[in-house]
Amino acid sequence: MIERFIDSSTKRKKIIVKDKLRYFDNIPVFSIVEFNIYGNCNRDCSFCPVSNPEIYEKRHEGISIELFSKVIDDLVEINYQGKILFSAFSEPLLHKELEILISNAKSKLPNTRIEIVSNGDLLTVKKLKSIFDAGLDTISISMYDGDHQIDHFTQMANECGLNDSQVILRRRYLKDGNYGLTISNRSGLINSNEFRDKNEEIISELPLKSKCYYPFYMILVDYNGDVLLCPHDWSKKLKFGNLTKNSIWNIWKSKVLNSLRGRLANSDRNFNPCKSCDVLGTVIGEDSFDAWLLSGEIEK
């Protein structure tokens with residue numbers, strides 16, 4: 001087993017995923033719906049595929065209110081009570097109607113957690129107050145520039161009367177031999193070994209011969225409605241359908257996704273995009289994984 005650096009935000013996410021595990025029609029429901037609500041990011045971080053224009057085409061377009069509302073209605077149908085996360089492959093604060101998205105989700109699904117992962121560059125006191133007034137529960141701010149950002153964002157949170165469980169600061173700059181993050185190669189698009197903790201082993205042999213729990217506990221929705229495998233598939237190689245034509249629940253319990261779950265349960269990653277991925281996929285979601293095995297919906 002290769003030792004990995006595990007950051008605190010991953011540990012927090014693990015607790016939420018376990019706590020939010022529910023069933024619908026005796027099938028385990030995803031604990032997280034992650035939305036990629038926009039086609040662009042304002043940064044070009046070296047450990048992110050956004051920095052390579054040959055891989056990531058920046059588009060100034062986002063999920064429509066109509067499509068987002070339809071997906072939320074899908075979630076209402078299954079009495080969804082998990083976490084709605086705005087993150088994935090973009091900077092969520094670039095979406096001009098972010099507050100409408102948050103309010104739409106929270107009004108229809110009051111028992112969900114609504115969270116954002118942001119680099120914080122576009123954040124002001126006014127914006128921070130606005131998104132929390134709309135119904136946001138937590139924003140995790142990835143700080144890339146240095147310790148001085150801690151005071152900057154802490155002061156902003158204090159002005160809004162928000163605590164450290166509502167505004168979470170995540171170090172993403174080099175200090176003490178690491179960047180504060182659990183790194184992956186984004187399904188083969190970057191050299192993650194350049195950014196590992198100094199005590200981590202170099203990963204050189206792929207595909208990994210290990211399980212992955214991602215499609216057992218979460219589902220990812222792109223801004224055009226495509227349902228993707230997971231947030232590590234930056235090339236968007238594996239799509240399971242589009243939510244303009246299908247429901248999120250039908251896709252989640254589909255035969256093609258269950259077949260893939262069976263392969264990952266047997267440590268078989270020899271397919272795209274998983275064969276090029278070095279993510280440690282067993283840190284989060286063990287309870288969801290076990291629930292799927294007990295459901296009889298997949299073969300192991």
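In this predicted model, the largest pocket holds about 280 Å³ of space. Its lining is made up of 16 residues, and those nearest the centre of the pocket are E57, R59, Y223, W234 and K236. Sorted by class, the lining of this pocket comprises six nonpolar, four polar and six charged residues.

**Enclosed space**

Three cavities of 30 Å³ or more turn up in a search of the whole structure. The largest cavity contains about 1000 Å³. Its lining consists of 47 residues, with S87, V117, R170, R172 and R186 nearest the centre. Two or more lining residues come from each of α1 (8-19), β4, β5 (113-118), β6 (138-143) and α6. The lining of the largest cavity divides into 21 nonpolar, 13 polar and 13 charged residues.

The second largest cavity has a volume of about 80 Å³. It is lined by 13 residues, and C212, L229, C230, C274 and C277 are the closest to its centre. The lining of the second largest cavity has 10 nonpolar residues, two polar residues and one charged residue.

The table sets the linings side by side.

| Space | Volume | Nonpolar residues | Polar residues | Charged residues |
|---|---|---|---|---|
| Largest pocket | about 280 Å³ | six | four | six |
| Largest cavity | about 1000 Å³ | 21 | 13 | 13 |
| Second largest cavity | about 80 Å³ | 10 | two | one |

**Cysteines**

C212, C230, C274 and C277 are among the residues closest to the centre of the second largest cavity. With a disulfide taken as a pair of cysteine sulfur atoms within 2.5 Å, the count for the structure is zero. C212 takes part in no disulfide, and its nearest cysteine sulfur, that of C230, is 6.3 Å away. C212 has a relative accessibility of 7% and therefore counts as buried. For C277, the closest cysteine sulfur is likewise in C230, at 6.2 Å, which is too far for a bond. C277 also counts as buried, because its relative accessibility is 5%.

**Surroundings of P231**

P231 belongs to the loop between β9 (226-228) and β10 (239-242). Its relative accessible area is 14%, so P231 is buried. Beyond its neighbours within four places in sequence, P231 is in contact with E34, F89, Y214, M218 and L220. One of these contacts, F89, is 142 residues from P231 in sequence, yet the C-alpha atoms of the two residues are 7.4 Å apart in space.

**Helix α2**

Helix α2 covers residues 65-77, which is 13 residues. At 1.5 Å a residue the helix should span 18 Å, and its end C-alpha atoms are 18 Å apart, so the expected and modelled spans agree. Which residues of α2 are buried? They are L67, F68, S69, V71, I72, D74 and L75. An α-helix has 3.6 residues a turn, so residues three or four places apart point the same way. The buried residues of α2 pack against two strands, β3 (32-35) and β4 (83-86), and against two helices, α3 (98-108) and α7 (248-252). Just after α2, N79 adopts a positive phi of about 55°.

**Backbone features in the loops**

Positive phi values also occur in the loop between β7 and α6, which contains D176 and S187. The phi of D176 is near 55°, a positive value in a residue other than glycine. S187, which is not a glycine either, has a positive phi of about 55°. Are these two residues buried or exposed? D176 counts as exposed because its relative accessibility is 61%, whereas S187, at 8%, counts as buried.

The loop between β7 (167-171) and α6 (214-217) also holds P207. A cis peptide bond joins L206 to P207, with omega about 0°. Another cis peptide bond, between N272 and P273, has an omega of about 0°. P273 is located in the loop between α8 (255-265) and α9 (286-295).

Terms used: Residues are numbered from 1 along each chain as its sequence is written. This is a predicted model: local features need pLDDT of at least 70, side-chain atom pairs count only at pLDDT 80 or more; totals for chains, interfaces and linings use all residues. Side-chain values use heavy atoms; hydrogens and water are left out. Helices (H or I, at least four residues) and strands (E, at least two) are DSSP runs, numbered from the N terminus. The expected span of a helix is 1.5 Å times one less than its number of residues. Buried means under 20% relative accessible area, exposed over 50%, partly exposed in between (1.4 Å probe, protein chains only). Contact means heavy atoms within 4.5 Å. On a 1 Å grid over the protein atoms alone, a cavity is a set of points where a 1.4 Å probe fits but cannot get out, and a pocket is an open set with protein on both sides within 12 Å along at least five of seven lines; lining residues have an atom within 4 Å of a point. Grid points are joined across faces, edges and corners, and a volume is the space filled by probe spheres set on the points. Ala, Val, Leu, Ile, Met, Phe, Trp, Tyr, Cys and Pro count as nonpolar, Asp, Glu, Lys and Arg as charged, and the others, Gly among them, as polar.
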